[in-house]
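Student: I am new to this structure and would like a close look at a single part of it, namely the packed interior and the empty spaces beside it. Could you take me through that part slowly, in one connected account?

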Amino acid sequence: MKKKINISKYISYLFLIAICVIWAIPVLFGITTSFRSQTEVVSTGFRLLPVDWDFNNYVTILENTSTAPILRWLMNSLFIAISHTALVIVIISITGYGYTRMNFKGRDALFFTLLGISFFPAVVNLIPSYKIIETLGWVNTAWAMIIPGLAGMGNIFLVRQFMKGIPHDLDESARVDGAGDFRIYFSVILPLVKPVLVVCGLFSFIGSWNDFLWPVIVYTDVEKMPITAGLLLLQDIYGNYRLIGQLMGSAMLAIIPTLILFIFAQKYFMQSINLNSGIKG
């Protein structure tokens, strides 16, 4: 029995290692390609490590502040993603509290109706969403990226499930002490749902940062673009992918913030897996 367990464990490890290798090789190839000269890119074919490490791609990227202001695009994306994430956390935590702690007529019916509507593909809403943004005068502004999607039902569902596992005895004890709904929300519930809020915030940040189609639609001003729309513009500027090293260098700069964020927030993933709340008995 012990040998069978060990064999299955080794097979699982080998499978996970194989998946990691399959995922890591394209990323490593992209990183090393950003350090290749254009001549080496078109002449050597697939080679994991460059023959000569060339840092001119990054120098050119950072020095270009007119037609392709990479640093400006990164700052725009940071502002948009941070603002969007902060508002998402506020909205989904309050909404989750309402769906689990407040009793009102049609509460569950409203929740499941909105959850069902959220299953429709997002692309269906592109034209109506753009018309709304255009009517509000938000085209080429950060509001066009910050406001849409704040009340995502996927995040609200996770928070709701997490809050449902928190004993109602805590609410009743707080009410006995004279606390109202807002006091219970801030002082009792909010500290307990921190793990799932961090995970939802991480997903929201990554989703906002990596969003490609929507910013391409709502931005035409080069200075105000986020990094994803800027990368598409880079392809047009450099013409038919001629400067592949610079394109890859720009893409590598674009993934740094999300990589750093994931490294520091990954511990909350395991804490949020337990949807019965993080209370230790």
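Tutor: What follows goes from the nonpolar core to the cavity and the pockets, and then to a few single residues. Please keep in mind throughout that this is a predicted model.

Let us begin with the largest nonpolar core, which has 27 residues, and in which Ile70, Trp73, Trp209, Trp214, Tyr219, Ile227 and Leu234 touch the most other members. At least two residues of this core come from each of helix 3 (56-63), helix 4 (70-101), helix 6 (126-136), helix 7 (143-146), helix 11 (194-210), helix 12 (213-218), helix 13 (227-238) and helix 14 (244-265). Helix 4 supplies the largest share of the core, with five residues.

To see how such a core is put together, it helps to take one member and follow its contacts. Once neighbours within four places in sequence are left aside, Ile227 is in contact with Ile70, Trp73, Leu74, Ser77, Trp209 and Ala254. Apart from this core lies another one, of 23 residues, and among them are Phe111, Ala174, Val188 and Val196.

From the packed residues we can turn to the space that is left empty. Rolling a probe the size of a water molecule over the atoms shows where such space remains. When the whole structure is searched in this way, one cavity of 30 Å³ or more is found, and the volume of the largest cavity is about 40 Å³. The lining of the largest cavity is made by Ser77, Ile80, Met145, Ser208, Trp209, Pro226 and Thr228, with helix 4 and helix 11 as the elements that give two or more residues to it. Sorted by class, this lining has four nonpolar residues, three polar ones and no charged ones. Two names in it will be familiar, since Ser77 and Trp209 line the largest cavity and are also in contact with Ile227.

The pockets come next, and the largest pocket has a volume of about 1,100 Å³. Its lining consists of 29 residues, of which Ala122, Pro148, Gly149, Leu150 and Gly152 lie nearest the centre of the pocket. Helix 4, helix 6, helix 8 (153-164), helix 11 and helix 12 are the elements that give two or more residues to this lining. In the lining of the largest pocket, 17 residues are nonpolar, eleven are polar and one is charged.

The second largest pocket has a volume of about 390 Å³, and 15 residues line it, with Trp23, Asn210, Ile255, Thr258 and Leu259 nearest its centre. Two or more residues of this lining are given by each of helix 1 (2-33), helix 11, helix 13 and helix 14, and helix 14 gives the most, with six residues. By class, the lining of the second largest pocket holds twelve nonpolar residues, three polar residues and no charged residues.

It is useful to set a record beside these computed values. In an unreviewed entry, UniProt places the feature "transmembrane region" at residues 12-31, 73-97, 109-130, 142-163, 184-206 and 243-265. In the model, residues 12-31 are 100% helix and 0% strand, and the end C-alpha atoms of that span lie 29 Å apart. Residues 73-97 are likewise 100% helix and 0% strand, with 36 Å between the end C-alpha atoms of this span.

Finally, three single residues deserve a careful look. Asn57 lies in helix 3 and counts as buried, because its relative accessibility is 8%, under the 20% limit for that word. Not counting residues up to four places away in sequence, Asn57 touches Thr33, Ser34, Phe35, Arg36, Gly245 and Gln246. Of these, Gly245 is 188 residues away from Asn57 along the chain, yet the C-alpha atoms of the two are separated by 6.2 Å. Asn140 is placed in the loop between helix 6 and helix 7, and its phi is near 65°, a positive value in a residue other than glycine. Asn140 is also buried, with a relative accessible area of 15%. Pro195 has its place in helix 11 and counts as buried at 10% relative accessibility. The C-alpha atoms of Pro195 and Thr100, which are 95 residues apart along the chain, are separated by 17 Å.

Note on methods. Residues are numbered from 1 along each chain as its sequence is written. This is a predicted model: local features need pLDDT of at least 70, side-chain atom pairs count only at pLDDT 80 or more; totals for chains, interfaces and linings use all residues. Side-chain values use heavy atoms; hydrogens and water are left out. A nonpolar core is a set of buried Ala, Val, Leu, Ile, Met, Phe, Trp, Tyr and Cys residues joined through side-chain atoms within 4.5 Å. Buried means under 20% relative accessible area, exposed over 50%, partly exposed in between (1.4 Å probe, protein chains only). Helices (H or I, at least four residues) and strands (E, at least two) are DSSP runs, numbered from the N terminus. Contact means heavy atoms within 4.5 Å. On a 1 Å grid over the protein atoms alone, a cavity is a set of points where a 1.4 Å probe fits but cannot get out, and a pocket is an open set with protein on both sides within 12 Å along at least five of seven lines; lining residues have an atom within 4 Å of a point. Grid points are joined across faces, edges and corners, and a volume is the space filled by probe spheres set on the points. Ala, Val, Leu, Ile, Met, Phe, Trp, Tyr, Cys and Pro count as nonpolar, Asp, Glu, Lys and Arg as charged, and the others, Gly among them, as polar. UniProt positions are given in the numbering used here, feature names are shortened, and annotations may be inferred rather than shown by experiment.
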